[in-house]
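Hi everyone, thanks for coming. Let me put the model up, and then we can walk through it together.

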Amino acid sequence: MPRPLKATIHLQHLRHNLARVRQFTGDAKVWAVVKADAYGHGIERVFDPLRAADGFALLDLAEAERVRQLGWRGPILLLEGCFEARDLELCSRLGLWHTVHCSEQIDMLAAHKTQLPHHVFLKMNSGMNRLGFAPERYRAAWARLQALPQVQEVCLSTHFSDADGPRGIAAQLAVFERITADLPGERSLSNSAASLRHGTELSGRNDWVRPGIALYGSAPDAASPDARPWDLRPAMTLSARIIATQSLKAGDSVGYGSTFVADRPMRIGVVACGYADGYPRHAPNGTPVLLGAQRSRLLGRVSMDMLTVDLSPVPDAGVGTEVTLWGQAACGAVLSIDEVAAAAGTVGYELMCALARRVPVQVGDLI
Ligand SMILES: *Cc1c(COP(=O)(O)O)cnc(C)c1O
């Protein structure tokens, strides 16, 4: 028998979350962001529920090929653009739209031979200082692209650093608006957090939005890691069963490094999930888990193949009891991936992307 551990991808929740994002973004077209193998969910699995989007955005050319192989004929956007000249051949062959964020990418495009001119997304560095042209160099880059026979259309884009936090988007938005006010062309500004938290401020300013994490049901708000107020539903559940129990006396310790010591007699359950499955090793004592519908907590250090949980809240739990590490339990109870991530000092993104290959994945279509 395989280890009693699985990830479940909830197709119905992906559909719901996409519809939910559209409620915040008006008439804007939606790029479903499926980079990093759809944030760990698997491009092939999410394709059907997300095909109601207007396009797919990603950054790996092999992933773009996979989306085309699934039969998608609509737009595909490369979020980091091309890394070398021959990537442009693939763009031409597969009809990929691509970001242009530096002058080297314009040079490559100017030297590229193509029958069909490309759609490009010209990226401004409006303050994040990762990718993009500095504001004062943006208009020259735009003019240069506009003059190339290889270019059909230039869309104007930028990316916010603090859409999910207290700094917000105002400063970056002002820079972008000042530089692009009189430029023609479509615009694309918002990731999930900007789409949901700043929808009003950005109303009418996006022709294309680029949600990722919200589609997968994670909260777009760094300060309150709970997706329920946004009515987003978990797209991924990680669950396992208890494979052994232990009865501790006061003073007994648990696991490597003895980081948990019982202060009273108690029962613990050993769960078939560890850091080699993608559960964060840094999750501390007290990180929440679900035993059926009942919340409990992680005890002791997470090891490679196992972790241990407190059975005190559920006295009849034992070998075979289902433990939800994040997502939605069979009974419907939800443990937010963001809450688990926050306890472990990270974000839901990292946990979902880190789901290990050895975890069997089941596709669920729960209503
Ligand atoms: C990953 C990415 C997104 C999606 O961000 P979320 O926070 O997951 O919504 C949007 N735009 C760009 C440029 C990205 O790289």
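**Salt bridges and the ligand site**

There are 20 salt bridges here, counting a side-chain nitrogen of Lys or Arg within 4 Å of a carboxyl oxygen of Asp or Glu. One such pair is R66 with D37, at 2.7 Å from N to O. R66 sits in helix α4 (residues 61-69) and D37 in helix α2 (residues 35-39), so this pair links parts of the chain 29 residues apart; helices are DSSP runs of H or I, at least four residues, numbered from the N terminus.

A word on sources: this is a predicted model, with local features needing pLDDT of at least 70 and side-chain atom pairs 80 or more, while totals for chains, interfaces and linings use all residues. Residues are numbered from 1 along each chain as its sequence is written, and side-chain values use heavy atoms, without hydrogens and water.

Now, the ligand. Around it are 13 residues, with K35, Y39, S192, I213 and Y349 coming nearest (a heavy atom within 4 Å counts as near).

Which polar contacts (N or O pairs within 3.5 Å) does the ligand make? A polar side-chain atom of Y39 is 2.5 Å from a ligand oxygen, and a polar backbone atom of G212 is 2.9 Å from a ligand oxygen. The side chain of H159 has an N or O atom 3.5 Å from a ligand nitrogen.

Conventions:
Polar contact = N/O pair within 3.5 Å; in protein donor to acceptor, adjacent residues only side chain to side chain. Helix = DSSP H or I, 4+ residues; strand = E, 2+ residues; numbered from the N terminus.
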